[in-house]
Amino acid sequence: MTPMARRPLRLRLVGRRSRMISASLALVLAGSLGASAPVAFADNLDDQQAALKDQAAQVQDSLEFVDAKISQAAADLVLYQGQLPGAQQALLDAQGRVAGAVKESEALAARVDLAQQNKAKITQQLATDKQKISDTRKLIGQIATQAYKSGGVPSNLSLFFGANQGGSLTDTIDLADQAMRSQNSAMDKLSQQNATNVNSQARLEAVEAEIKDLKTKADAALAREQAARDEAEAKKAQVDKLIDDTTRLNTELQAAKPGIQTQLAQVKAQQDSVASEIAERDRKLREAWEAEQRRIAEAAAAAARAQGQAVQPYVAPAQGSPSAFGLQHPFPGNIPITSGFGWRATPPGTIDFYGQGGYMHTGIDFGAPCGTPVYAAAAGTVFSAGWANDGGGNNVKISHGVIQGNSLTTIYYHNTSVAVSVGQQVSQGQLIAYSGTTGNSTGCHSHFETWLNGRAVDPMTLL
């Protein structure tokens, strides 16, 4: 329902006007306007939002004919209260994402720290291995130098075995053999140290690559954590605002409740008065029509008797079809109908009209922009034109007389201005007003009613 098609309610409790007006308008928005009214079940979030907006629209419609400002406040309150649980859940979800992002960041930071420690150990090991390789190479060089100076066999074996006190040749050979084994052992050790060094270097490169990757992931995780925190802050601000707005509107509506009760009673009294006026006017019209039919029948019977003809007892004519009025739409066909005729149950926990749980929408609403020409649905006599205190603002009421025993009245509410006057005869399709949003209305539209034999009926059954 678009803002241009906001519609008021004509609260006419048709058939129940004899009941006393209850003094207790239960304007209770979920426990004295304190908790959210239940939202109709929907399969997905979009459907839930649509149902919530529809419920808010119903509440606004329910109060619009009393006070447009209060109507809007009540609709907003229902909307805010309905949105609050989802907003609170969204906040919890966002806070959960913050916690998850924090854990992820902490885990990655711990892995980076561990990798850094591993890198430090490998770097220290490389330094130690390099020193060992340097020492081993130096030792091998010393052995080689001594061997070269002594013709292949070191003359000074004290390098490995301490000072030689001049033993036998056999001892010397044994010592030389040991020296060669020591040189070979040193060469093997150097080879092993080189292999260890290469392996450590590869490990260092792998650890450095891991650290770089982990830091990239950690930066991304921190960004996600900050985004999650920002989202959570925004969600919390939304929840706080909904709570503040709900509290404010609840206070406003509680304060307005006594006034609403008074206004509701006044509006109903005004509208019942209009309904009674229409019912009485139509009753007299039908009685006059019936009297005229009887007079015509009696005159015909007198003429027949004078001619010696048999006369049948008078039988009142049966009512014909209301379609005989030939009503046409008061607007061109491109003007949409935004609200239909019929009983409307008010949403649970919102408004209970006189303990009946709803109200009768006694007309249909056309979503006509302000200033749209309004045309008479049928020929008739204007008996009300201009401002009225029944919530309809500038109105036009037309009596279409009696056709085939049926009386008909049409009413056109919320006009910006009217183009006819009381007592004026109008023809079908004649310009009678320009649509607007006067009276208890929150948007440009036209409310159209048809009263058949003193009762409000669905205009769509006559058009």
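**Close-up 1. K119 and its salt-bridge partner, E208.** K119 has a relative accessible area of 27%, so it counts as partly exposed. In this predicted model, K119 pairs up with E208 in a salt bridge, and their closest N and O atoms sit 3.8 Å apart. The contact ties together distant parts of the chain: K119 belongs to helix α2 (residues 68-149) and E208 to helix α4 (residues 169-306), with the two positions 89 residues apart. E208 is partly exposed too, at 35% relative accessible area.

**Close-up 2. E280 meets R283 within helix α4.** Here the N-to-O distance of the salt bridge is 2.4 Å. The two residues are three apart in helix α4, or about one turn. What about exposure? E280 comes out at 32% relative accessible area, which means partly exposed, and R283, at 31%, is partly exposed as well.

**Close-up 3. E280 again, this time with K284.** The side chains of K284 and E280 also form a salt bridge, with N and O 3.9 Å apart; that just makes it under the rule, because the cut-off is within 4 Å. K284 lies four residues from E280 in helix α4, again about one turn of the helix. At 49% relative accessibility K284 is still partly exposed, because exposed starts over 50%.

**Close-up 4. The network around E280.** Zoom out a little and the pairs from the previous two views join up: E280, R283, K284 and E287 are linked by salt bridges into a network. For the whole model, the count of salt bridges is ten.

Technical notes:
Residues numbered from 1 in each chain as written. Predicted model: local features only at pLDDT ≥ 70, side-chain atom pairs only at ≥ 80, totals over all residues. Heavy atoms only, no water. Buried < 20%, exposed > 50% of the residue type's maximum accessible area, 1.4 Å probe, protein only.
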